[in-house]
Structure formats: C-alpha cells, structure tokens
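The following report describes a ligand site, aromatic contacts and unusual backbone geometry in one structure. The structure itself is shown first, and the description follows.

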Amino acid sequence: MKFLYRYSFFLLLSVLFIQSSQAQYNSLVENIYDRERIDLNGTWKFLLDPMETGIIKRKYRRDFPADEVAKLNEGPLIEYEWDSSWDIQVPGDWNSQYKELEWYEGLAWYRKKFEAKKETGFRYFLYFEAVNYKSDVYLNGEKLGMHEGGFTPFQFEITDKIKSVNSLVLSVDNKRVTDGIPAADFDWWNYGGITRPVWVIKVPNEFIEEYTFEYDGEKINGSVVLNSASTGKKKIRIEIPELRIKETVETDKNGYAEFVFSPQKITTWSPTNPKRYEVSVSTSNDKVSELIGFRTIETKETEILLNGESVFLRGICLHEEAIGKPTRTLNWETAEELLLSAKGMNANFVRLAHYPHTEKMTRLADSLGLMVWSEIPVYWEDMDYKNPKTLALGKQMITTNYKRDKNRASIIIWSIANETPITDHRNAFLKELITTVRENDQTRLVSAALKVSHDGGVKNIDDPLGKYLDVLSINQYVGWYGNDYPDKITDVEWESNYNKPMLLSEFGAGALAGNYGDRMTRWTEEFQAYFIDETMKMGTSIPFLRGTMPWVLKDFRTPRRYHGAFQNYWNRKGFIDENGVHKQAYDVLKNWYIKIEDEAN
Ligand code: GCU
C-alpha cells in the first residue's frame with residue numbers, strides 16, 4: 001500500500017512539474033515584428049545526440065544539459081565541448097543543412113551565447129516562432145521549461161534571468177510520437193530543429209500584450225489586454241487615422257478593455273482589393289502598430305459570403321517548403337514566391353496545409369490578397385483520440401494559432417482536422433476542438449477536411465462531424481487512388497445530409513515534370529492535367545460546391561512516397577515541381593479559375 005501512496009504522490013508531482021514547466025501559453029506578445037527585439041538568429045552551436053547522453057538519466061532524472069553536469073562534481077567532461085561543436089543556422093531545419101541529417105529523427109542540442117543590456121523599467125521575453133517537435137529550454141543553466149508542437153510560437157519571460165552575457169541551450173527532439181499532434185504517421189518531411197526565428201522581445205514594464213480588431217459589417221469591435229504589475233484602471237489610445245478614429249478607452253482593474261467604433265465609410269479587405277488600415281494602440285509609455293484589414297465572412301445555407309457577397313474559393317493547397325532547395329524554413333522572399341505562384345494561377349484562396357505556417361505567410365496573404373485556410377496537424381487515423389494530453393495539446397495549438405493570427409483578415413477558415421476516421425473517440429475529440437475554436441473566435445468559419453471513399457458512384461457527405469462545422473470540406477481522389485481512372489470522375493454524383501457549403505479540399509494526381517505521354521498513363525503530365533480538368537468539370541455539377549483546393553501547389557518531400565522512378569521520396573502531385581517548373585496541370589487549373597472569376601463578375 002505504501003508503494004501505491006508514494007507512486008501516486010510522484011505522479012502528482014510530475015504532472016505539476018509538467019504544467020509548471022510548460023511555456024507560457026495564456027500569454028503571447030502580440031505583433032513581435034513591431035517590438036524592439038534582440039536578434040538571436042544566425043550561427044548557433046549544435047550537438048547531435050542520438051544516444052541522448054545530454055539528458056542525465058539517473059534515478060532522480062535530472063534533465064540538465066551536459067555543460068551543467070560539469071558542475072555536479074562529475075569531473076571535467078573530457079569528451080565534450082560546445083565551442084568546437086558543429087555550426088548550425090537558426091532559423092533552419094537541420095535536415096537541409098547537413099546531408100548526414102537529411103533523414104535524422106532524434107535528439108539534438110543547440111547553444112547560443114548572446115549579450116544583453118538589461119534596462120530597468122523593461123521586461124524581456126524569450127520568443128520562439130517554432131521549434132519542431134519537442135524542446136527543453138535552458139538559460140544560463142536554469143531550465144525555463146519545455147514546449148511540445150512544431151508549428152506554433154511560444155515564449156518564456158526572462159526579465160529576472162537575463163544577464164549581460166547569456167548562454168541559451170535547447171534540447172530539440174523531432175522523434176515522431178504517438179500521443180503528439182501530428183502523431184507518428186504523416187505525409188510530409190519531418191524537418192527537425194529551430195525552424196523559425198528566435199528573439200528576445202523587449203517591452204515596457206506595463207505593455208500592450210494583445211489587441212483584437214473584428215469587423216461585423218457595420219462596426220469595429222475590439223479589445224485590448226494591458227499586462228501590468230499594477231492593477232487599476234488605465235487609459236489606452238486607439239488610433240485608425242484613415243478612418244478618423246482616435247479614441248481613448250479605459251481598462252478594467254485587470255487591464256482589459258473593450259471598444260466599439262462605427263466608422264463612416266470603410267473599404268473592406270478582399271482578394272481584389274486587400275485594403276488594410278494603419279492601426280495603433282498606445283498608452284503613456286507603450287505603443288504598437290500594424291496594418292489590419294476589415295472584412296466579414298459568413299455562410300448562408302450553401303453560400304459563403306465575403307463582405308456579404310457570394311464568393312467561390314479558387315484555392316490551392318500548399319506545404320511550408322521552399323521552392324528550390326527543400327527546407328521547412330521560409331524567409332520573406334521564399335514565402336512570397338510560394339504565394340505568388342498561387343496568385344499566378346488566379347487563385348484567391350490558399351490552404352496552408354497541414355499545420356500553422358510561419359507568420360510570414362499569413363501576413364503576406366493579407367497584403368497579397370489571398371484568403372487563407374489555417375489548420376493544426378490533427379491528421380489521419382493514428383492520432384491518440386482517447387488521450388487527454390493529446391486533446392489538451394490540440395486546444396493549446398488552436399489557441400496559440402488564434403492568438404498569433406487573430407488580426408489577419410486573410411484567414412477566413414480555421415480547420416481542426418484532416419482525414420480522420422469516423423469513430424466515437426474522434427468525434428468527441430474533434431467536437432472539443434471545435435468548441436475551443438468557437439470560444440476563441442466567433443468571426444471565422446470552422447471546417448475540417450473530411451475523408452470520403454476513393455471509389456466512384458454516388459458519394460454522400462454524411463460524416464456526423466458535419467453537424468458542428470460551418471463548411472464541409474472533402475478530400476477526393478477518385479481517378480487516382482482506387483480502381484477508377486480520370487475518365488470515371490464525372491460519373492461521380494454528390495449528395496449531402498447538410499444544407500451547408502462544400503469545398504473540394506483536396507484532389508490531385510501524381511506527375512513527374514517532363515514525363516509526357518497519353519492522358520490515361522499514370523505519372524504523365526497529361527494524366528494529371530486530365531484528372532484536374534475532369535474533377536473541375538465534376539465540380540460544376542455540385543450545386544452546393546463553393547470552392548476547390550487541388551492537392552498541391554508544389555511537389556514536396558515525404559518519406560512515404562517510394563516509387564523509385566517517379567517519386568523517390570517526393571510527393572509528385574504538385575502543379576509545379578520542386579524547382580518551380582510548371583506542369584501542364586498548372587495552366588489547366590489557371591484557365592478554370594479565370595473562367596470561374598469571369599462568370600462570377
Ligand atoms: C491525403 C493527405 C495529404 C496527402 C495526400 C496524397 O489526402 O491529406 O497530406 O499528401 O492525400 O495522397 O498525396
């Protein structure tokens with residue numbers, strides 16, 4: 001019995017430790033690009049650790065990085081030294097920086113020494129835009145906490161820990177885990193490392209932590225959160241000069257304020273006119289500004305309405321992988337290159353699959369005029385739908401993704417899953433996630449990419465999850481997977497149990513760029529072009545279809561595509577190849593999207 005008490009006490013301690021050591025999620029500094037930052041990007045030191053010797057496995061399981069072990073009277077660590085270890089670029093996945101690491105899945109260590117001039121009256125946050133997949137973060141030998149999830153930002157306040165010279169050490173582990181999000185089976189490259197930028201954000205002691213601006217077609221409804229050690233009501237100035245808005249609002253004693261503005265005349269944001277306004281929020285000692293677009297998005301029976309007008313989503317799916325050298329890490333230019341390739345086919349909509357992309361993508365979508373589908377990587381059957389830890393992780397990813405991008409007009413759809421099995425556990429899990437989305441955001445649409453069988457005939461959209469979604473999105477591969485060829489695609493008929501808009505959220509066929517032949521021969525560009533053309537034709541017979549997003553803009557790396565002649569570990573359903581060379585299907589889709597736009601006008 002005694003053992004049981006001791007074990008449960010230990011279990012309680014470890015749960016408390018995990019919660020306390022997690023990064024701060026209930027707060028995320030808003031709009032870091034308009035904040036004063038210490039730039040920690042560039043060359044770091046790097047230690048590969050497949051045997052995980054950097055984590056001291058002792059009965060008391062002290063997770064210290066090796067350079068702290070030396071202080072534990074373990075004697076000098078003879079065969080270990082940071083300064084002579086490998087260089088690595090941050091941001092940057094390790095797979096694309098070292099040929100030896102192209103396929104590496106495991107533990108590695110990063111170290112960055114940096115100087116800082118700490119000023120009184122200011123607070124400092126260590127901010128990671130993304131690290132894939134799991135990391136423990138140490139500053140000057142002290143563990144700040146851990147983070148799980150490869151595609152959303154996280155931060156730690158370091159105001160009381162930052163020194164004039166600092167040693168920042170991270171363990172990063174990209175091993176796939178069965179209770180993670182995603183789980184262990186997914187169709188993209190498992191790029192590991194500090195894949196997006198790292199900063200120290202400097203803000204005044206009392207700073208504007210977050211703000212939200214939403215447009216309901218008449219009024220701008222908003223809120224501000226002031227982070228301050230002192231309670232009491234505070235004054236906050238909101239300015240949108242072009243709308244002649246200059247208002248002072250007062251927070252409650254917790255630093256929270258809501259406001260409503262009724263602008264005389266507003267130009268709404270849309271793909272044809274991605275109008276954004278300079279918005280600034282300020283107090284007596286803090287100010288932050290950015291460009292924000294105002295638009296409405298809603299459904300009305302089977303219609304999707306943008307700013308009150310029916311819109312057809314001329315979309316394309318894309319992974320976060322640069323054109324040219326395959327890497328997860330995008331800079332402003334390579335991010336824009338992907339989105340301009342989508343614009344080039346006259347798309348007005350992008351599905352940023354299958355995880356939150358870098359903030360650069362959603363900010364560029366705002367400026368380029370592309371509506372966005374943003375999703376978290378709840379993906380396929382292997383997810384641990386029964387696990388409360390996995391559910392908590394999904395909710396945290398949704399909330400963090402919302403906090404980061406809530407002021408992006410381009411984002412019109414939050415998606416919570418892709419091709420998940422219809423089971424009781426999955427239904428319960430996804431309903432919880434939908435609730436989290438709606439608790440955060442009542443202004444955007446909620447969807448999920450539902451899976452429908454690959455064979456032809458009549459297809460009925462009867463997934464029970466449809467009841468809780470605003471838009472029903474279907475991945476369909478009739479003509480590629482299963483026994484049918486593209487000549488059978490237009491035989492497919494669609495029915496729906498729901499009076500809601502439908503999107504074809506994926507459809508695609510593989511083609512090796514430059515491989516030509518007849519249109520009934522797989523892997524030729526002609527076959528892929530025929531498949532796309534026939535699927536778009538099929539779409540014209542679906543009265544409740546309000547958008548198409550073919551799979552996929554660019555060929556992308558994946559360990560799951562083994563066909564030696566045509567794939568060689570690339571998914572070849574791209575409309576452009578890995579170097580951006582257009583396949584025939586690109587112009588087929590572009591012509592459809594030009595036609596659809598002309599008919600809509
Ligand atoms: C699935 C999945 C994609 C995958 C695609 C394919 O629908 O959602 O991630 O890459 O099919 O088979 O190529």
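A charge sits over a ring if NZ of Lys or CZ of Arg is within 6 Å of the ring centre and within 35 degrees of the ring normal. Arg557 lies over the face of Trp189 in this way, at 4.1 Å from the ring centre. The charged end of Lys360 likewise sits over the ring of Trp332, 5.7 Å from its centre.

The model is predicted: local features need pLDDT of at least 70, side-chain atom pairs count only at pLDDT 80 or more, and totals for chains, interfaces and linings use all residues. Residues are numbered from 1 along each chain as its sequence is written, and side-chain values use heavy atoms, with hydrogens and water left out.

## Ligand site

Which residues are the closest to the ligand? Of the 14 residues that surround the ligand, the closest are Asp187, Glu419, Tyr481, Glu506 and Lys573. A residue is counted as near if one of its heavy atoms lies within 4 Å of the molecule or strand concerned. The shell divides into five nonpolar, four polar and five charged residues. In this division Ala, Val, Leu, Ile, Met, Phe, Trp, Tyr, Cys and Pro count as nonpolar, Asp, Glu, Lys and Arg as charged, and the others, Gly among them, as polar.

Polar contacts are pairs of N or O atoms within 3.5 Å; within protein, one must be able to donate a hydrogen and the other to accept it, and residues adjacent in sequence count only if both atoms are side-chain atoms. The table gives side-chain contacts with oxygen atoms of the ligand.

| Residue | Partner | Distance |
|---|---|---|
| Asn418 | oxygen atom of the ligand | 2.8 Å |
| Arg561 | oxygen atom of the ligand | 3.1 Å |
| Tyr477 | oxygen atom of the ligand | 3.4 Å |

Taken alone, the ligand exposes 320 Å², and the protein buries 97% of that. Accessible areas come from the Shrake-Rupley method with a 1.4 Å probe; for residues, only the protein chains shown count as cover.

## Aromatic pairs

The structure holds 33 aromatic pairs. Rings of Phe, Tyr and Trp (its six-membered ring) pair if their centres lie within 6.5 Å; planes under 30 degrees apart count as stacked, over 60 as edge-to-face and the rest as tilted. The rings of Tyr277 and Phe294 have centres 5.9 Å apart and planes at 40°, so this pair is tilted. Tyr277 belongs to strand E16 (residues 277-282), whereas Phe294 is in the loop between strand E17 (287-292) and strand E18 (297-300), so the pair ties together parts that are 17 residues apart in sequence. Helices (H or I, at least four residues) and strands (E, at least two) are DSSP runs, numbered from the N terminus. Both Tyr277 and Phe294 are buried, where buried means under 20% relative accessible area, exposed over 50%, and partly exposed in between (1.4 Å probe, protein chains only).

Tyr562 and Tyr569 form an edge-to-face pair, 6.3 Å centre to centre with 85° between the planes. Tyr562 is exposed, with a relative accessible area of 56%, while Tyr569 is partly exposed at 29%. Ring pairs also link Trp44, Phe46, Trp86, Trp94, Tyr98, Tyr104 and Tyr110 into a cluster.

## Helix H4 and backbone geometry

Helix H4 (residues 359-368) is mostly covered, with nine of its 10 residues buried. Among them are Glu359, Lys360, Arg363 and Asp366. Just after H4, Gly369 takes a positive phi of about 85°.

Most residues other than glycine have a negative phi, and most peptide bonds are trans. Asn140 has a positive phi of about 50° although it is not a glycine; this residue is in the loop between strand E6 (134-139) and strand E7 (142-148). Trp380 also has a positive phi, of about 65°. Trp380 is in the loop between strand E23 (371-375) and helix H5 (388-405) and is buried, with a relative accessible area of 12%.

Where is the peptide bond from Ala353 to His354 placed, and is it cis or trans? The bond is cis, with omega near -20°, and His354 is in the loop between strand E22 (349-352) and H4. The peptide bond from Trp551 to Val552 is cis, with omega near 25°; Val552 is in the loop between strand E30 (545-548) and strand E31 (556-557).
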